[in-house]
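Colleague: Got a minute to walk me through this model? I'd like to pick it apart piece by piece.

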Amino acid sequence: MKVYHASNMRVECPDTSHSRRELDFGRGFYVTTIRQQAEKYAWRFMRRGEQAWLNVYELDDDLAGWAVRCFDSYDEEWLDFVIRCRKGVAEDGDYDMVVGGIADDKVFETVDLFFAGLLPREEALRRLAFEKPNIQYCICSDAMLKESLTFIEAIRL
């Protein structure tokens, strides 16, 4: 399947070491199947006066043999996992890939309010239930990056 990664540079040989730990699904290389989502993310580089690149890859469809955690919705499990990751206390190395919804602006606001203790868990989950996830793939292991992800091209935006 074709996947996209927005960056301020060409990323022909991705790795996990350049990722921050306190992201939605922890340290890893993040891609999406939604080109428009990646292009929208790239705009943050352009707003800072940096170059913006849309890196395109082929991700193997067969993920058998890899430890993959999938979240199908913004539910309690997803929320707890994201909160642990953003606190930096996620279980590094437990998964080769985590797949699930991205905390976009609207979702992030709800998660942020819950994280700050300003929104009760039940209300956060109620709000999240109405959101349709924009899927992201976090490839957490360098082994999976090397074996399952192939660079196709980088497009300067």
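What follows is a run of questions and answers about this predicted model.

Colleague: Let's start with strand E1 (residues 2-7). Which strand does E1 join through 6 bridges?

Modeller: The two strands in that pairing run antiparallel. One pair to look at is Tyr4, which stands opposite Val56. That residue sits in the partner strand, residues 53-59, which is E3.

Colleague: And how many of the 6 residues of E1 are buried?

Modeller: E1 is largely enclosed by the rest of the structure. Ser7 is one case in E1, and at 8% relative accessibility Ser7 counts as buried. Over the strand, the number of buried residues is 5.

Colleague: His5 is in E1 too. Is His5 buried or exposed?

Modeller: Leaving aside neighbours within four places in sequence, His5 is in contact with residues including Val11, Phe29, Trp53 and Tyr57. The relative accessible area of His5 is 14%. Since buried means under 20%, His5 is buried.

Colleague: Which residue has its backbone oxygen 2.7 Å from a polar atom of the His5 side chain?

Modeller: Go through the contacts of His5 beyond four places in sequence, and you'll find Phe29, Tyr30 and Val31 among them. The backbone oxygen at 2.7 Å belongs to one of those, Tyr30.

Colleague: How far apart are the C-alpha atoms of His5 and Ala67?

Modeller: Along the chain, these two are 62 residues apart. In space, their C-alpha atoms are separated by 21 Å.

Colleague: Back to Ser7. Which backbone nitrogen does the Ser7 side chain reach at 3.3 Å?

Modeller: Don't mix this up with the side-chain pair: there, Ser7 makes a polar contact with the side chain of Asn8 at 3.5 Å. Further along the sequence, beyond four places, Ser7 is in contact with residues including Phe45, Gln51 and Trp53. The backbone nitrogen at 3.3 Å is that of Met9.

Colleague: Now strand E6 (residues 135-139). Which residue of E6 has Phe29 as a bridge partner and Met97 opposite?

Modeller: E6 pairs with strand E5 (residues 97-101) in the antiparallel sense over 5 bridges. Strand E2 (residues 29-31) is also antiparallel to E6, joined by 3 bridges. Phe29 and Met97 both pair with one residue of E6, Ile139.

Colleague: How many of the 5 residues of E6 are buried?

Modeller: The strand is mostly covered. The count of buried residues in E6 is 4.

Colleague: On to the largest pocket. Which element gives the most to its lining?

Modeller: The largest pocket holds about 1,400 Å³ of space. Of its 40 lining residues, the closest to the centre are Ala6, Leu23, Tyr30, Tyr41 and Arg44. The elements that give two or more residues to the lining are E1, E2, H1 (35-47) and H3 (105-115). With 8 residues, the top contributor is H1.

Colleague: Gln37 lies in H1. What is the relative accessible area of Gln37?

Modeller: Beyond four places in sequence, Gln37 is in contact with Thr32, Ile102, Asn134 and Ile135. Gln37 counts as buried, and its relative accessible area is 16%.

Colleague: Last one: what arc do the buried residues of helix H4 (residues 121-128) cover around the axis?

Modeller: The buried residues of H4 are Ala124, Leu125 and Leu128. They lie on the same side of H4, because the arc they cover is only 95°.

How values were computed:
Residues are numbered from 1 along each chain as its sequence is written. This is a predicted model: local features need pLDDT of at least 70, side-chain atom pairs count only at pLDDT 80 or more; totals for chains, interfaces and linings use all residues. Side-chain values use heavy atoms; hydrogens and water are left out. Buried means under 20% relative accessible area, exposed over 50%, partly exposed in between (1.4 Å probe, protein chains only). The arc is that of the directions from the helix axis to the C-beta atoms. Contact means heavy atoms within 4.5 Å. A polar contact is a pair of N or O atoms within 3.5 Å; within protein, one must be able to donate a hydrogen and the other to accept it, and residues adjacent in sequence count only if both atoms are side-chain atoms. Two strands pair if DSSP finds at least two bridges between them. On a 1 Å grid over the protein atoms alone, a cavity is a set of points where a 1.4 Å probe fits but cannot get out, and a pocket is an open set with protein on both sides within 12 Å along at least five of seven lines; lining residues have an atom within 4 Å of a point. Grid points are joined across faces, edges and corners, and a volume is the space filled by probe spheres set on the points.
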